[in-house]
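Here is a short set of exercises to work through with a molecular viewer open. Try each task yourself before you read its solution.

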Amino acid sequence: SNKSTARPYIEFLERTGISLSVGQIRWYTKCLNRVFLRMGQWKPRYLRTWFTAGVVFGMVAMLLSVCLLTLMVYNTLTRQHIEQQVLTPVMPGVNLPMNQIFYYLLTLLVCGILHEVGHAVAAVREQVRVNGFGIFILAVYPGAFVDLYTEHLQVISPIRQLRIYCAGVWHNFIIVIVALLVWFLLPWMLMLFYSSGTGVAITYVLQGSAVSGPRGLVTGDHVTSINHCRVTNVEDWMQCIGQSMKDPSSGYCMPVGEIGVQDVSYNQSWHKNSWYLIFQLKHACLPARSTSDRSPCRLQSDCRNPKVETACVYPSLDNSTTFLKVYRYGKAPLLFLGHPLDLHYSVHISNYVPVGVFIPLNMPYVIETFCQYLISLSGALAILNVVPCYALDGQWILLAFIEYTLRSTIPDSDIRGLIYSVIILFGTLLLTANIVIAMWTLFAT
């Protein structure tokens, strides 16, 4: 009965190309072979130039990666200050926020697939058969692989091998370039749907914070200024918050005769839905909104009026409290009383303000974040894979490069093999040392 029960399961795995092992799920298919064949036969001269450029990039990247990794080890051994690690292990929950895991895993999958597609298309271009293509999940980390016909790969010339071996890291570099272009051109790409340079959009409000509530900030609000500090983008927002922490709260010009009329501490004319503040000079309890709508002032001389006696009244606040007016497009300003950093940390903002109510508010953030992950991870994969190390692309790139450059000058294959072994051993130890340093740095801080 156990055999009869297991047979449909095994047949399902064989039919779908799925294989299971400890900590790993793998899917393998030959359905994409025709796609690779058509891509590899499209404009052969163009593809030859394209993948030859990849060889140049691969060799330059290998030299740079070895120099960078060597410098990192040297700086660590000599105890020199290191601004940024070349390799930083990414671990969910340690140095990767849990709400960023989707971007991280999706980026790994996209970079892995395009990396292997590069190998497959280059192989077809160089008349090497592609047996199949697959995707795997190792623990929680996704990846991809391509199965090439080994006998075909071994009999072609070294320069053709280099075009195949370097195609993966070349495509990783192209991903970085494309992501950078999208990132920098995003305001122009989204200009029909989002406005930029006119303020910032509130994309998140912390519930229960000082800025939430019926009259507080809500997602979608278009903020144009804080007090009289103009906000056109996120950088302006930061500068205005910082400026409000340095400057004292401004006062407001108010006719002396109106102060007594509106002072609720005397006439007891409280309005349940109004907000009142104690103002200095006359020590009056005045309506905050109507008072702050008046002309601002710093000194009593700012309120000179030959017709009406006017006073500059200031909010009575302690040293850590600031009174701010956050101006919103199409809405009454938000009156904020507290530390400016509380305002800053209670919201998330974006440079992109939707021009319509049906346009997704977080779409620019999603695109920007995905581009940032593509730049970081695809660049790291290019640097990592090109290192002359066992089990990486750099191992085969180095072997083909030695055969291409040294076969005529060093006919003895044993000597070439010795040179290859020494460099591979050095590269493996170098990469291992950098990984150990990166892990130690991650958990030691």
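**Exercise 1. Two helices in contact**

Which residues in H3 meet which residues in H14?

Solution. Keep in mind from the start that this is a predicted model.

Step 1: On the H3 side, select Val-66, Leu-69, Thr-70, Met-72, Val-73 and Thr-76. Their partners in H14 are Phe-426, Leu-430, Leu-431, Ala-433, Asn-434 and Ile-437.

Step 2: Sort this contact by class, and you get nine nonpolar, three polar and no charged residues.

Step 3: Now turn to geometry. The axes of H3 and H14 come within 10 Å and cross at roughly 55°. That angle makes H3 oblique to H14. As for handedness, H3 passes H14 in a left-handed crossing.

**Exercise 2. The other partner of H3**

Find the angle at which H3 and H4 pack, and then the residues that make the contact.

Solution.

Step 1: The angle is about 125°, and the axes lie 10 Å apart. H3 and H4 are therefore oblique to each other.

Step 2: Here, too, the handedness can be stated: H3 passes H4 in a left-handed crossing.

Step 3: H3 brings Pro-44, Leu-47, Arg-48 and Phe-51 to the contact, while H4 brings Gly-118, Val-121, Ala-122 and Arg-125. By class, the residues of this contact are five nonpolar, one polar and two charged.

**Exercise 3. Reading an angle**

Are H6 and H13 roughly parallel or roughly antiparallel?

Solution.

Step 1: Take the crossing angle of the two axes, which is roughly 155°, with the axes coming within 9 Å.

Step 2: Apply the cut-off: angles over 145 degrees count as roughly antiparallel. H6 is therefore roughly antiparallel to H13. The crossing of H6 past H13 is left-handed.

Step 3: List the contact. H6 offers Pro-158, Ile-159, Gln-161, Leu-162, Tyr-165, Cys-166 and Val-169. From H13 come Asp-393, Trp-396, Ile-397, Ala-400, Phe-401, Glu-403 and Tyr-404. This contact of H6 with H13 has 11 nonpolar residues, one polar and two charged.

**Exercise 4. The nonpolar core**

Which residues touch the most other members of the largest nonpolar core?

Solution.

Step 1: This core holds 36 residues, and those touching the most other members are Phe-36, Val-128, Val-130, Leu-148, Leu-162, Ile-164 and Ile-397.

Step 2: Ask which elements supply it with two or more residues. They are helices H3 (44–77), H4 (101–125), H6 (158–189), H13 (393–406) and H14 (413–444), together with strands E3 (130–138) and E4 (141–148).

Step 3: Zoom in on Phe-36. Leaving aside neighbours within four places in sequence, Phe-36 is in contact with Val-117, Ala-120, Val-124, Val-130 and Phe-133.

Step 4: Look for a second core. Apart from the largest one lies another of 17 residues, including Val-205, Leu-217, Trp-237 and Leu-324.

A general point fits here: in soluble globular proteins, nonpolar side chains tend to be buried together.

**Exercise 5. Buried or exposed?**

Decide whether Thr-203, Lys-307 and Phe-102 are buried or exposed.

Solution.

Step 1: The cut-offs are under 20% relative accessible area for buried and over 50% for exposed.

Step 2: Thr-203 has 16% relative accessibility, so Thr-203 counts as buried. Thr-203 sits in strand E6 (residues 200–205). Not counting residues up to four places away in sequence, Thr-203 touches Thr-219, His-348, Ile-349, Ser-350, Leu-361 and Asn-362.

Step 3: Lys-307 reaches 80%, so Lys-307 counts as exposed. Look for Lys-307 in the loop between strand E12 (296–297) and strand E13 (310–313). From Lys-307 to Leu-69 the C-alpha distance is 76 Å, with their positions 238 residues apart in sequence as the separation.

Step 4: Phe-102, in helix H4, is exposed at 58%.

**Exercise 6. Backbone angles**

Where do Lys-43 and Ala-139, each with a positive phi, lie?

Solution.

Step 1: Lys-43 is in the loop between helix H2 (33–40) and H3. Its phi is about 45°, although Lys-43 is not a glycine.

Step 2: Ala-139 is in the loop between E3 and E4. Ala-139 is not a glycine either, yet has a phi of about 60°. With a relative accessible area of 56%, Ala-139 is exposed.

Conventions. Residues are numbered from 1 along each chain as its sequence is written. This is a predicted model: local features need pLDDT of at least 70, side-chain atom pairs count only at pLDDT 80 or more; totals for chains, interfaces and linings use all residues. Side-chain values use heavy atoms; hydrogens and water are left out. A nonpolar core is a set of buried Ala, Val, Leu, Ile, Met, Phe, Trp, Tyr and Cys residues joined through side-chain atoms within 4.5 Å. Buried means under 20% relative accessible area, exposed over 50%, partly exposed in between (1.4 Å probe, protein chains only). Helices (H or I, at least four residues) and strands (E, at least two) are DSSP runs, numbered from the N terminus. Contact means heavy atoms within 4.5 Å. Axes are lines fitted to C-alpha atoms, for helices over the stretch in contact, and angles run from 0 to 180 degrees between N-to-C directions. Angles under 35 degrees count as roughly parallel, over 145 as roughly antiparallel, 65 to 115 as roughly perpendicular and the rest as oblique. A crossing is left-handed if the near helix is turned anticlockwise from the far one by less than a right angle, and right-handed if clockwise. Ala, Val, Leu, Ile, Met, Phe, Trp, Tyr, Cys and Pro count as nonpolar, Asp, Glu, Lys and Arg as charged, and the others, Gly among them, as polar.
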